[in-house]
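Let's take a friendly walk through a few local environments in this chain. The sequence and the structure come first, and the details follow.

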Amino acid sequence: ASSLAMNIYQYSLLKLYPQRRVFATIVALRSGLSASYELKGEALQTFERDLHEVALEIFARGFDDVQPERIDACSYCDFIARCERFWKYQAVNQLE
């Protein structure tokens, strides 16, 4: 119930398929233990409201001055191409 990722997956599926029952199960591979949870009722309403508030806060913040910085995670980041375009753009504009 406290897994943000599982709740987001459930919420997304509930929005895509409102007529279907959606629940999530997490499985611990080493032990084989599993736990399931269904986001519904008041918990769903609370999660939806909290998610909306966080989204509004993110959109309200000014990220115009935030620039990417190389860190150790860059070597395996799925979004490194976005940063590389930024760094190339910066390098070209600094030469002018």
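In this predicted model, N7 is buried, with a relative accessible area of 6%. N7 belongs to helix α1, which covers residues 4-16. What does N7 contact once neighbours within four places in sequence are left aside? The list is A1, Y37, L39 and F47. One of these partners also has a polar side to it: the backbone oxygen of A1 is reached by the side chain of N7 at 2.9 Å. Another, F47, sits 40 residues away from N7 along the chain, yet 8.0 Å separates the C-alpha atoms of the two.

Helix α1 also holds Q10. Is Q10 buried or exposed? Its relative accessibility is 1%, so Q10 counts as buried, the cut-off for that label being under 20%. Setting aside residues up to four places away in sequence, Q10 touches V22, F23, A24, Y37, E38 and L39. Y37 and L39 therefore appear in the contact lists of both N7 and Q10.

Here are the accessibilities of the residues discussed in this report, side by side.

| Residue | Relative accessible area | Class |
|---|---|---|
| N7 | 6% | buried |
| Q10 | 1% | buried |
| C74 | 15% | buried |
| C77 | 35% | partly exposed |
| F63 | 45% | partly exposed |

Now to the cysteines. How many disulfides does the model contain? The count comes to 0. C74 takes part in no disulfide, and the nearest cysteine sulfur to it, that of C83, is 6.1 Å away. A disulfide needs two cysteine sulfur atoms within 2.5 Å, so this pair does not qualify. C77 is likewise in no disulfide; for C77 too, the nearest cysteine sulfur belongs to C83, at 6.3 Å. As for their surroundings, C74 is buried at 15% relative accessibility, whereas C77 is partly exposed at 35%.

Finally, a look at the surface. Which residues make the nonpolar patch of about 550 Å²? V54, I58, F59, F63 and V66 do. Among them, F63 is found in the loop that runs between α2 (41-60) and α3 (80-95). With a relative accessible area of 45%, F63 is partly exposed. Patch members must have over 30% relative accessible area, so F63 meets that part of the rule.

How values were computed
Residues are numbered from 1 along each chain as its sequence is written. This is a predicted model: local features need pLDDT of at least 70, side-chain atom pairs count only at pLDDT 80 or more; totals for chains, interfaces and linings use all residues. Side-chain values use heavy atoms; hydrogens and water are left out. Patches are made of residues with over 30% relative accessible area and no salt bridge: like charges are joined within 9 Å, nonpolar side chains (Val, Leu, Ile, Met, Phe, Trp, Tyr) within 5 Å. Accessible areas come from the Shrake-Rupley method with a 1.4 Å probe; for residues, only the protein chains shown count as cover. A salt bridge is a side-chain nitrogen of Lys or Arg within 4 Å of a carboxyl oxygen of Asp or Glu. Helices (H or I, at least four residues) and strands (E, at least two) are DSSP runs, numbered from the N terminus. Buried means under 20% relative accessible area, exposed over 50%, partly exposed in between (1.4 Å probe, protein chains only). Contact means heavy atoms within 4.5 Å. A polar contact is a pair of N or O atoms within 3.5 Å; within protein, one must be able to donate a hydrogen and the other to accept it, and residues adjacent in sequence count only if both atoms are side-chain atoms.
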